[in-house]
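Grab a notebook and work through these exercises on a two-part model. Each one sets a task and then walks through a solution.

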Amino acid sequence: MSNLVKPDYWKHDLVPGGEQKELNTLNLGPTHPATHGIFQNVLTLDGEVIQGTEQTIGYIHRAFEKLAERRPFYQIATITDRLNYCSSPINNMGWHMTVEKLCGIELPKRVEYMRVIAMELARIADHVVCNSVIGVDTGALTGFTYIYQQREKIYDIYEEICGARLTTNMGRIGGFERDFSPKCWELIRAFVKQFPAALQEFDNLLVRNRIFMDRTINCGSFPADRALAYGFTGPNLRACGVDYDVRVADPYSGYQDFDFIIPVGQNGDTYDRFMVRDQEMKESISIIKQALDKLDKLSDKKSFTADVPAWVLPPKEEVYNQMEALIWHFKIVMGEAAVPIGEVYHCVEGANGELGFYLVSDGGRTPARLHFRRPCYIYYQAYPEMIKGTMLSDAILTMSSMNVIAGELDA
Amino acid sequence: MPAPAFATRTDRDQLVIDSLTSSFGESVVSCQRITDMLVITVKKPVIHDVLKHCKEQLDFNFMTTMCGMHDADRDMLGLVFHLQSMRQGHRIRLKTETPMKDPVFPTFTDLWPTANWMEREAFDFFGLHFTGHPNLKRILNMEDFPAFPLRKDYPLEDQTREDKDDSYFGR
């Protein structure tokens with residue numbers, strides 16, 4: 001533009017020596033298809049670079065801690081289903097184990113191994129969801145459509161164990177509601193046999209895929225010291241290089257009998273989180289195989305509950321035909337079992353971190369206070385720090401790789 | 001042999017008790033093992049210093065969780081911390097309480113940033129205030145919610161209902 005035609009209003013509007021800058025505000029959510037759940041983030045953007053984030057959560061808050069104060073111990077298991085609904089059995093078992101720890105109930109080895117099988121299946125189901133969704137968010141829908149079949153197979157196993165698929169309410173305080181059926185064992189064995197090939201197929205699509213690697217490496221990386229300060233646990237912490245796993249650090253339900261590797265990453269980026277979950281699925285399959293072997297070697301082939309009549313419902317045929325069994329059944333369901341006064345913290349390695357239950361009992365029918373340590377709730381607060389200075393499209397990917405589950409976040 | 005579980009590290013318990021009682025003297029109200037974990041109750045004025053001491057001197061690098069409590073009988077609000085030392089494989093529980101009239105604590109976000117949302121949760125549900133907190137507002141409930149719902153005096157159901165007899169259900 002020549003000096004002749006240059007409009008002179010330029011002189012007045014521009015700040016001398018620089019251009020005027022304005023930040024954009026963008027509402028990401030609450031219902032955004034790319035966030036896979038109800039999360040609101042008010043982003044402050046400089047062009048496409050994120051400068052700040054204001055998070056709003058609580059859209060599906062259901063006051064579980066308050067509800068639990070009015071429910072007998074037996075009925076709280078259904079609340080835990082709805083925390084991380086991608087891996088309900090882990091939550092159920094965690095709750096049962098908390099009450100068992102409070103009451104000093106010891107389980108037979110067979111039941112512990114059966115629980116390990118259920119929990120590892122749940123872990124695989126959860127990681128399948130998370131990893132395939134990372135693929136979807138990078139634009140690779142194919143892996144998702146194939147690997148989701150495996151989740152269906154796991155849900156078929158759940159259905160065989162407890163009759164439900166998503167909100168499972170699996171197991172009871174003191175064991176399981178019934179023994180695994182022969183068909184269930186058959187399904188588990190079939191699953192263990194065919195899953196590695198299916199996972200390999202999924203890996204072939206993504207793990208060494210140049211586009212996927214370019215998209216995820218160094219996307220949303222987080223250093224280990226910040227991760228620890230923010231209370232990260234589970235795959236997100238291990239992706240940063242910290243080998244903390246509750247199954248090893250504080251073993252429960254017979255995990256000390258198993259031989260498995262804790263995969264760790266290095267940079268704590270999206271690719272590392274993906275790879276940690278990917279390897280964990282393989283370790284889970286190995287754990288299930290070991291559990292099946294151990295169960296074969298056990299002389300105990302029958303027990304599916306501990307010997308605690310105060311907690312375990314009598315068989316249905318007795319309930320329908322004998323008065324005593326009916327009364328006993330009713331007493332258990334109404335929460336008449338004697339609970340010691342005390343408090344206990346029990347944690348399990350949930351699919352996305354350390355899921356803890358802090359239970360305070362005053363000897364009453366319901367807990368005096370029950371606090372859930374929900375891993376999502378604790379690590380999601382680091383999200384603004386993780387995405388500061390990155391692109392908007394990386395923020396979407398970072399969120400899906402963190403495996404934030406709305407049900408657990410909002411409790 | 002498998003490593004001993006975190007909470008069964010009784011050898012570390014005594015070390016923690018000795019260190020805290022020598023540093024804080026009478027401000028440490030009680031130290032006892034409940035079920036499987038060392039539980040230490042301290043007086044409110046020293047709670048921030050105790051946590052700092054635990055973090056810097058006793059190697060408790062990780063705040064597992066923090067939650068509020070309400071003791072309706074004694075009219076007290078409390079805070080419960082679970083700390084964990086990943087290197088030593090040890091967990092402890094720290095407790096402190098304050099009268100309902102004075103529900104103010106110093107913020108713990110300077111020690112662990114993870115305390116941020118835990119404090120907001122305690123504020124939201126119990127009405128505990130944390131001075132120095134960067135952004136203390138309700139987190140899970142709506143902002144103009146009129147009560148602190150996890151206090152025991154907050155009714156769970158509509159109390160005008162007459163078709164239910166709650167005496168069957170304990171509290």
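**Exercise 1.** What span should the 16 residues of α4(A) cover at 1.5 Å a residue, and how far apart are its end C-alpha atoms?

*Solution.* Some housekeeping before we start. This is a predicted model, where local features need pLDDT of at least 70, side-chain atom pairs count only at pLDDT 80 or more, and totals for chains, interfaces and linings use all residues. Residues are numbered from 1 along each chain as its sequence is written, with chains lettered from A and ligands numbered from 1 in the order in which they are written.

Step 1: know what a helix is here. Helices (H or I, at least four residues) and strands (E, at least two) are DSSP runs, numbered from the N terminus.

Step 2: get the expected span, which is 1.5 Å times one less than the number of residues. For α4(A) that should give 22 Å.

Step 3: check the ends. The end C-alpha atoms of α4(A) are 23 Å apart, which agrees. Just after α4(A), A:Gly104 has a positive phi of about 70 degrees.

**Exercise 2.** Describe the surroundings of α4(A).

*Solution.* Step 1: count burial. A residue is buried if 20 or more other C-beta atoms lie within 10 Å of its own, exposed if 12 or fewer, and partly exposed in between, with C-beta atoms placed from the backbone. In α4(A), 15 of the 16 residues are buried, so the helix is largely enclosed by the rest of the structure. As background, 49% of the 411 residues of chain A count as buried.

Step 2: look at the helix partner. The axes of α4 (residues 88-103) and α5 (residues 109-137) of chain A come within 7 Å and cross at roughly 140 degrees. That makes α4(A) oblique to α5(A). Axes are lines fitted to C-alpha atoms, for helices over the stretch in contact, and angles run from 0 to 180 degrees between N-to-C directions. Angles under 35 degrees count as roughly parallel, over 145 as roughly antiparallel, 65 to 115 as roughly perpendicular and the rest as oblique.

Step 3: list who touches whom (contact means C-beta atoms, placed from the backbone, within 7 Å). From α4(A) come A:Ser88, A:Pro89, A:Ile90 and A:Met93, while α5(A) brings A:Arg115, A:Ala118, A:Met119, A:Ala122 and A:Arg123.

**Exercise 3.** In what order do the strands of the β4-to-β6 sheet of chain A run, and which strands are at the edges?

*Solution.* Step 1: the sheet is open, with the three strands in the order β4-β5-β6 and antiparallel pairing. Strands pair if DSSP finds at least two bridges between them.

Step 2: β4 (342-350) and β6 (369-373) of chain A are the edge strands, each pairing on one side only. The twist from one strand to the next averages 10 degrees.

Step 3: zoom in. Nine bridges link β4(A) with β5 (residues 353-361) of chain A, and A:Tyr345 sits opposite A:Tyr358 in β5(A). Our helix from before shows up here too: α4(A) packs on the sheet, touching β4 and β5 of chain A, and its direction makes about 150 degrees with that of β4(A).

**Exercise 4.** How many residues does each chain put into the contact between chain A and chain B?

*Solution.* Step 1: chain B gives 33 residues and chain A gives 34.

Step 2: on the chain B side, β3 (62-71), β4 (76-85) and α3 (115-126) each supply at least two residues. The largest share, six residues, belongs to β3(B).

Step 3: sort that side by class. There are 20 nonpolar, ten polar and three charged residues. (Ala, Val, Leu, Ile, Met, Phe, Trp, Tyr, Cys and Pro count as nonpolar, Asp, Glu, Lys and Arg as charged, and the others, Gly among them, as polar.)

**Exercise 5.** Is α3(B) mostly covered or mostly uncovered?

*Solution.* Step 1: twelve of the twelve residues of α3(B) are buried, so to speak of it as mostly covered is fair.

Step 2: find the neighbours. The buried residues of α3(B), among them B:Trp117 and B:Phe123, pack against α15 (375-379) of chain A together with β3, β4 and β7 (129-131) of chain B.

Step 3: check the length and the exit. α3(B) reaches 15 Å from its first C-alpha to its last, close to the expected 16 Å. B:Gly127 follows α3(B), with a positive phi near 75 degrees.

Notes
Two residues are in contact if their C-beta atoms, placed from the backbone, lie within 7 Å.
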